[in-house]
Amino acid sequence: MNNKVDILLGLQWGDEGKGKLVDVLTPRYDIIARFQGGPNAGHTLEFEGTKHVLHTIPSGIFHAHVTNLVGNGVVIDPVVFAKEIDALVAKQVPVRDRLLISRKAHVIVPTHRLLDRASEASKGEAKIGSTLKGIGPSYMDKTGRNGLRIGDLLDADFAARYEALKQKHLHLLKGFEAYFTLDEAELATMESEFMHGVEGIRQLTIVDSEHYINKALKSGKRILAEGAQGSMLDIDFGTYPYVTSSNTVAAGACTGLGIAPNRVGEVIGIFKAYTTRVGSGPFPTELNDAIGENMRKVGNEFGSTTGRARRCGWIDLPAMRYACMINGVTQLIMMKADVLSQFDSIEVCTHYKTAEGTTADLPFDIQASKVQPVYESLKGWEVDLTAMRQPEDLPAELTAYVHYLEAALEVPITVVSVGPDRTQTIIREKAIA
Ligand code: GDP
Ligand code: IMO
Ligand code: MG
């Protein structure tokens, strides 16, 4: 039997709730695989009264029967990785038995993090708002053909190759002297943590993941690819240059895992019932008022990786339609419906007004000076949803909101999430897997 790989990915600017839903869906799969991004991600899971935040490790790690694969498209910081493993081991999760790493995944070295800082400092007001985890510089080294891969950590000449890359980076850092001063002592500490992390990775199971995953498919294993970030942060299709440095869209799962396009099954697009964004960049439906402040407070919209306040606003259908198109989304999952319970009316951005007229498509540039959102008002439900578990429990106004979005996006919404806990999940249709 030749199975397909399902993909779960974010349709907005990240933090849609991917970690929670991957954990909920994991019992339906044998393998959970990350295909891009790195420690810039923060995926939150909550069950049995405990909250867990994962950065590089796939969100299936808490399930005993499942293999968690970090694919070739991911960039790994051995320091963050070691901390994540230690935290899981401290919670009695036998993480090493459940985890595989691709030999072809790239490594984030300490000077990538310094370059990230220096680059951001040099941009001043125009900074990306990066998580400063070294993501951009490590993907630059990958495409620039200078990077180090996990497989290289096992090579006898690793130390020399690391040193050569570090020298190259120190040279680049000199170009940022006006904005960034190298702290030698800090770098020494970072390097010692790095070497400790590298030692930890050498003890893990490193595999030729493209072979592993294709053999698994052939033998009938069920695989879910877990996206990081969101479609509007994609390097090609996001709000460039305010994006991350990888392909967060469905195509990224093919290159980031080594699966052929005709092996892709369901594409599950996950979105919040409203919109958030952390970091800089355009956000047409952003609310800089009491409503936005309320969403942030009730939705606890603070970054899982950096703790920064997330910008909040209404749902943006031109952006969502675009994301559904690029990804070939076959089913939708709506998160955080409970956060909208506080509003008597819910606004939906259906179109943008531009200098050329009104459009339902996503223009090249969606800066506030170029586009104005056009809204339609729907009635709010104003009912606490957090104890609801069945589709028939949902208030009529929320069901109407779901039907409205399904019609506008032409994709069914199969799951509605009403709280951060694993159990606060309403399955509307058994379409998945
Ligand atoms: P990810 O990066 O896509 O995995 O999302 P994050 O974990 O960064 O952010 C999602 C946040 O919303 C986390 O704090 C989750 O615990 C929380 N969350 C997820 N689903 C729901 C929901 O349905 N309702 C509420 N109130 N919180 C949720
Ligand atoms: P998850 O997987 C939300 C944002 C940063 C910044 C831009 C570039 O948890 O959804 P980078 O560190 O990649 O150089 O940052 O992208 N960003 C995220 N925003 N969720 C994420 O991941 C993000 N990863 C990066 O805030 O604006
Ligand atoms: Mg997150």
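1. Strands here are DSSP runs of E with at least two residues, helices are runs of H or I with at least four, and both are numbered from the N terminus. The model under discussion is predicted.

2. Begin with the second largest pocket. Its volume is about 550 Å³. A total of 28 residues line this pocket, and those closest to its centre are Thr44, Gly299, Arg310, Lys336 and Pro420. Which element gives the most to the lining of the second largest pocket? Strand β3 does, with four residues. Helix α1 (18-25), strand β3 (43-47) and strand β4 (50-54) each supply at least two lining residues. Sorted by class, the lining consists of 11 polar, 10 charged and seven nonpolar residues.

3. Two of these lining elements, β3 and β4, are also partners. They pair antiparallel, over five bridges. One pair to look for is Glu46, which stands opposite Lys51 in β4. The two strands form a hairpin with two residues between them. In that turn, Glu48 has a positive phi, about 45 degrees.

4. Next, the open sheet. As background, the strands of a sheet pair through backbone hydrogen bonds, in either a parallel or an antiparallel sense. Here 10 strands are arranged in the order β9-β7-β5-β2-β10-β1-β11-β15-β19-β20, with mixed pairing. Why is one side of β9 and of β20 left without a neighbour in the sheet? β9 (205-207) and β20 (425-427) are the edge strands, and each has a single partner strand, so one side of each has no neighbour in the sheet. From one strand to the next, the twist averages 25 degrees.

5. At the β20 edge, the partner is β19 (residues 413-417), which runs antiparallel to β20 and is joined to it by three bridges. Val416 is placed opposite Ile426 of β20.

6. Helices pack on this sheet, including α9 and α12. Helix α9 (residues 250-257) touches β1 (5-10), β2 (31-34), β5 (67-70), β10 (223-226) and β11 (264-272). The direction of α9 makes about 125 degrees with that of β1. Helix α12 (residues 396-409) touches β11, β15 (331-335) and β19. The direction of α12 makes about 140 degrees with that of β15.

7. A second set of paired strands centres on β16. Strand β16 (residues 345-354) is mostly covered, with seven of its 10 residues buried. Which strands does β16 pair with? With β14 (residues 315-316) the pairing is parallel, over two bridges, and Asp316 has Cys349 of β16 as its bridge partner. With β18 (residues 372-379) the strands run antiparallel and eight bridges join them; here Glu347 has Ser377 of β18 as its bridge partner.

8. The third partner of this strand to mention is β17 (residues 357-359), paired antiparallel with β16 over three bridges. Thr354 has Gly357 of β17 as its bridge partner. β16 and β17 form a hairpin, with two residues between the strands.

9. Now helix α5 (residues 135-143). Its buried residues are Ile135, Gly136, Pro137, Ser138, Tyr139 and Asp141. What do these buried residues pack against? They pack against two strands, β6 (75-76) and β8 (106-107), and two helices, α4 (110-123) and α6 (158-174). Arg145, which follows α5, has a positive phi, near 65 degrees.

10. Last, two single residues that may be set side by side. Is Ser209 buried or exposed? Ser209, found in helix α8 (residues 209-218), has a relative accessible area of 1%. The cut-off for buried is under 20%, so Ser209 counts as buried. Leaving out residues up to four places away in sequence, Ser209 touches Leu69, Gly71, Asn72, Ser102 and Leu257.

11. Asp97, by contrast, is exposed: it has a relative accessible area of 68%, and the cut-off for exposed is over 50%. Asp97 lies in helix α3 (residues 95-98). For a sense of distance, Asp97 and Lys166 are 69 residues apart in sequence, and their C-alpha atoms are 33 Å apart in space.

Terms used:
Residues numbered from 1 in each chain as written. Chains lettered and ligands numbered in written order. Predicted model: local features only at pLDDT ≥ 70, side-chain atom pairs only at ≥ 80, totals over all residues. Heavy atoms only, no water. Buried < 20%, exposed > 50% of the residue type's maximum accessible area, 1.4 Å probe, protein only. Pairing = 2+ DSSP bridges. 1 Å grid on protein atoms, 1.4 Å probe; cavity = no way out; pocket = protein on both sides within 12 Å on 5 of 7 lines; lining within 4 Å. Points joined across faces, edges and corners; volume = space filled by probe spheres on them. Nonpolar A, V, L, I, M, F, W, Y, C, P; charged D, E, K, R; others polar. Axes fitted to C-alpha atoms, helices over the stretch in contact; angles between N-to-C directions. Contact = heavy atoms within 4.5 Å.
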